[in-house]
Amino acid sequence: MAMVGSASTILFPFYPLQISLCMCCSNRAWKLKTNWSPLLGMDKEKGHIACFSSKKKLGFMDQILDYIEGGPKLRRWYGAPDLLPKDGSTEKLDEITEEEEVRDAVLVTDGDSEIGQMVILSLIVKRIRVKALVKDKRAAMEAFGTYVESIAGASNDSTSVKKALRGVRAVICANDGFVSNIEGWKGLEHVILLSQLSVYRGNSGIQAMMNSNARRLAEQDESALMASRVPYTIIRAGLLKNTPGRQRFSFEKGCATQGSLSKEDAAFICAEALDAVPEKGFIFEVVNGEEAVSDWKKRFAALMEKSG
């Protein structure tokens, strides 16, 4: 812990978060660097600071601090997996067959991307067992410790994907280009895709040419998901931006073509969508707007009914 001015500050290596203890009111304040990645080393913008009173409802960042301050004794209560051997070996875990392992985990693809990390943190707060497909396993372990089971690999590597899907009940694809490469769909209960297809379709001129490959990947992912027999949710978000989450939304048809959505809000919606498994599949659009959602189960039910 470092002392900065009149506040004591805790810096977390695994998240773009700086927690301070406000000396004037003894409450926590947090600073979120909005364009920062612990695994990619980006830090381009100044953060946003807020002070939370103990009388107010705990926010997302305060919840993170609570379970971290709880220490190792509360790890299991918060859903963290058992500690791995000091050498990081997972050989014994690999010996468990698919039939023997309980499917209770959620896999986040592209876990070392900025949006992937935000989704992971949203799931940790919900005390969900998290697995992540990453490019750099060592960096991921340093970032999230034992709260996340990281599997090194790429979406086009069938071996690593098969290993990542072991024990998984649901998959959250936070970036385009993964779904169309999945072969081991068997056993999955739900796949959630955060899609930018509406944004790409709204592009024109040079922008359309620049995003032509991204649009092709997004179209392939959506088509593969619709053709699968796994229940799916496609979240067609507006242009994803590195802005603070507003927790205010619009779900109007066509809104994603011109609107935008905070990456933090997008990650939050992905995590909430896990509790709303459709019978087959449904698609909805979302951007930041004016609607505050108090009950996500009811909101998703309404969206499903409207899309059906």
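**Notebook: helix 10 and its surroundings**

I began with helix 10 and listed its buried residues: Lys263, Glu264, Asp265, Ala266, Ala267, Ile269, Cys270, Ala271, Glu272 and Ala273. The model is a predicted one. Helix 10 spans residues 263-273, and I noted that 10 of its 11 residues are buried. I wrote it down as mostly covered.

Next I looked at how helix 10 starts. Serine 262 caps its N-terminal end. I found a side-chain oxygen of serine 262 at 3.2 Å from the backbone nitrogen of glutamate 264.

**Helix 3 against helix 10**

I then asked which helix packs on helix 10, and at what angle. Helix 3, residues 114-125, packs there at about 50°. The two axes are 8 Å apart. Helix 3 is therefore oblique to helix 10. I recorded the crossing as right-handed.

I listed the contact residues on both sides. Helix 3 brings Glu114, Ile115, Met118, Val119, Ser122 and Leu123. Helix 10 brings Lys263, Glu264, Ala266, Ala267, Phe268, Cys270 and Ala271. I sorted the residues of this contact by kind: 9 are nonpolar, 1 is polar and 3 are charged.

I added a reminder on helix geometry. An α-helix has 3.6 residues a turn, so residues three or four places apart point the same way.

**Two isoleucines in strands**

I moved on to isoleucine 172, in strand 11, residues 168-173. Is isoleucine 172 buried or exposed? Its relative accessibility is 0%, so I count isoleucine 172 as buried. I set aside its neighbours within four places in sequence and read off its contacts. They are Val106, Leu107, Val108, Thr109, Val119, Leu123, Ile192, Cys270 and Leu274. Val119 and Leu123 also appear on the helix 3 side of the helix contact. Cys270 appears there on the helix 10 side. I also checked isoleucine 172 against glycine 111. They are 61 residues apart in sequence, with 10.0 Å from C-alpha to C-alpha.

Isoleucine 192 came next, in strand 12, residues 190-195. Isoleucine 192 has 0% relative accessibility, so it counts as buried. Beyond its neighbours within four places in sequence, I found it in contact with Val171, Ile172, Cys173, Thr233, Ile235, Cys270, Ala273 and Leu274. Cys270 and Ala273 are among the buried residues of helix 10. I looked up valine 277 as well. It is 85 residues from isoleucine 192 along the chain, and their C-alpha atoms are separated by 9.5 Å.

**Two residues with positive phi**

I turned to backbone angles. Most residues other than glycine have a negative phi. Aspartate 110 is not a glycine, yet I read a positive phi of about 50° for it. I placed aspartate 110 in the loop between strand 8 (105-108) and helix 3. At 23% relative accessibility, I count aspartate 110 as partly exposed.

Glutamine 247 gave me another case: its phi is positive, about 60°, and it is not a glycine. I found glutamine 247 in the loop between strand 14 (239-241) and strand 15 (249-250). With 33% relative accessibility, glutamine 247 counts as partly exposed.

What does glutamine 247 touch, not counting residues up to four places away in sequence? I noted Asp265, Phe268, Glu291 and Ala292. The side chains of glutamine 247 and aspartate 265 are joined by a polar contact of 3.1 Å. Aspartate 265 is one of the buried residues of helix 10. I also took the C-alpha separation from glutamine 247 to glutamate 264: 9.1 Å, across 17 residues of chain.

**One stop in helix 8**

I made a short visit to alanine 224, in helix 8, residues 212-227. At 24% relative accessibility, alanine 224 counts as partly exposed. I paired it with valine 179. They are 45 residues apart in sequence and 6.7 Å apart in space, C-alpha to C-alpha.

**The whole chain**

I closed with totals. I counted 11 helices and 17 strands in the protein chain. Of its 308 residues, 47% are buried. I also looked at contacts with a separation of 6 or more. Of these, 60% are between residues 24 or more positions apart.

Terms used. Residues are numbered from 1 along each chain as its sequence is written. This is a predicted model: local features need pLDDT of at least 70, side-chain atom pairs count only at pLDDT 80 or more; totals for chains, interfaces and linings use all residues. Side-chain values use heavy atoms; hydrogens and water are left out. Buried means under 20% relative accessible area, exposed over 50%, partly exposed in between (1.4 Å probe, protein chains only). Helices (H or I, at least four residues) and strands (E, at least two) are DSSP runs, numbered from the N terminus. A polar contact is a pair of N or O atoms within 3.5 Å; within protein, one must be able to donate a hydrogen and the other to accept it, and residues adjacent in sequence count only if both atoms are side-chain atoms. Axes are lines fitted to C-alpha atoms, for helices over the stretch in contact, and angles run from 0 to 180 degrees between N-to-C directions. Angles under 35 degrees count as roughly parallel, over 145 as roughly antiparallel, 65 to 115 as roughly perpendicular and the rest as oblique. A crossing is left-handed if the near helix is turned anticlockwise from the far one by less than a right angle, and right-handed if clockwise. Contact means heavy atoms within 4.5 Å. Ala, Val, Leu, Ile, Met, Phe, Trp, Tyr, Cys and Pro count as nonpolar, Asp, Glu, Lys and Arg as charged, and the others, Gly among them, as polar.
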